[in-house]
Amino acid sequence: MATKDQQAYHPPTTNGYNRSDEEATATQAKELRRQKYKKWIIYGIAFIIFQSAVIALFSMTVMKVRNPKFRVRSSSTFEIPTADASFNLNGNVTFGIKNTNFGPYKYDNSTTVTFYYGDSEVGRAAIPKSKAQFRRTKKFTVAVAGNSNTKVASDHISSGMVPLTSQAKLTGKVELMLIFKKKKAVNMNCTMDLNTTTKMLENIKCK
């Protein structure tokens, strides 16, 4: 028969240890949630910075509208002037429109390129309406015809090089993303020499 001492004896419980384990587990879970939340914040900030950089780069490259370049490139055979006759520039000239934009440049047909010998006009070329594709250089050839009473100086004829200049203003629009349109006017200002031997334009320099 059990004694009173034996009946009164109770083995030690582990409730204290259980509570400690539960608190530790809860603390760890809370810390994990905090770390996870912190990571999501960092990822969100990084994504915003990345998106801002992409938008800034897009604005500075794709959406930035630059002025196309309008240039005299080459020529075919011209009539050669003589000292005792009027000089009229008659022949064909190849022009180039360099478009560095990420959209086509559509230009008007009201452009006329004027060629000068000194201050005298010696020829004109009409530029037809067209467009330069994006990131491309459009090349085309048109006829130049003159009607002047200008005479070439004898020293230019004897040197074999007749100095000329050309001027024009090209107007049009750059179209981006098939939505945005930006007006752009391009000025041509070129210098060149007409070689009386080859009968072609040489030393072409454009601003």
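**Exercise 1. Decide whether Ile41 is buried, partly exposed or exposed, and find the surface feature that Ile41 belongs to.**

Step 1. In this predicted model, Ile41 has 39% relative accessibility. Buried would need under 20% and exposed over 50%, so Ile41 counts as partly exposed.

Step 2. Now place the residue: Ile41 is found in helix 2, which covers residues 15–60.

Step 3. Look for its partners on the surface. Together with Tyr37, Ile45 and Ile49, Ile41 makes a nonpolar patch of about 430 Å².

**Exercise 2. Find the disulfide and describe the link, its place in the chain and the accessibility of each cysteine.**

Step 1. Start with the count: the structure holds one disulfide. Cys190 and Cys206 form this bond, with their sulfur atoms 2.0 Å apart, which satisfies the cut-off of 2.5 Å.

Step 2. Check the handedness. The angle about the S-S bond is 110°, and the link of Cys190 and Cys206 is right-handed.

Step 3. Trace the chain. The pair links distant parts of it, 16 residues apart: Cys190 lies in strand 9 (residues 180–195) and Cys206 in strand 10.

Step 4. Weigh up each end. Cys190 counts as buried because its relative accessibility is 0%. Cys206, at 25%, counts as partly exposed.

**Exercise 3. Describe the largest nonpolar core and explore the surroundings of Leu164.**

Step 1. The largest nonpolar core has 34 residues, and Phe70, Phe95 and Leu164 have the most contacts inside it.

Step 2. Ask which elements build this core. Those giving two or more residues include strand 1 (69–75), strand 2 (91–99), strand 7 and strand 9. Strand 8 supplies the largest share, six residues.

Step 3. Zoom in on Leu164. Leaving aside residues up to four places away in sequence, Leu164 touches several residues, among them Phe87, Tyr116, Val122, Met192 and Leu201. Cys190 is also one of the residues that Leu164 touches, and you met Cys190 above as a disulfide partner of Cys206.

Step 4. For background, nonpolar side chains tend to be buried together in soluble globular proteins.

**Exercise 4. Examine the phi angles of Arg135 and Asn203, then locate both residues.**

Step 1. Most residues other than glycine have a negative phi. Arg135, however, has a positive phi near 60°, and Asn203 has a positive phi near 55°.

Step 2. Arg135 is found in the loop between strand 6 (130–132) and strand 7 (136–144). Asn203, in contrast, is found in strand 10, residues 200–206.

Step 3. Finish with accessibility. Arg135 counts as partly exposed at 43%, and Asn203 counts as partly exposed at 45%.

Methods: Residues are numbered from 1 along each chain as its sequence is written. This is a predicted model: local features need pLDDT of at least 70, side-chain atom pairs count only at pLDDT 80 or more; totals for chains, interfaces and linings use all residues. Side-chain values use heavy atoms; hydrogens and water are left out. Helices (H or I, at least four residues) and strands (E, at least two) are DSSP runs, numbered from the N terminus. Buried means under 20% relative accessible area, exposed over 50%, partly exposed in between (1.4 Å probe, protein chains only). Patches are made of residues with over 30% relative accessible area and no salt bridge: like charges are joined within 9 Å, nonpolar side chains (Val, Leu, Ile, Met, Phe, Trp, Tyr) within 5 Å. Accessible areas come from the Shrake-Rupley method with a 1.4 Å probe; for residues, only the protein chains shown count as cover. A salt bridge is a side-chain nitrogen of Lys or Arg within 4 Å of a carboxyl oxygen of Asp or Glu. A nonpolar core is a set of buried Ala, Val, Leu, Ile, Met, Phe, Trp, Tyr and Cys residues joined through side-chain atoms within 4.5 Å. Contact means heavy atoms within 4.5 Å.
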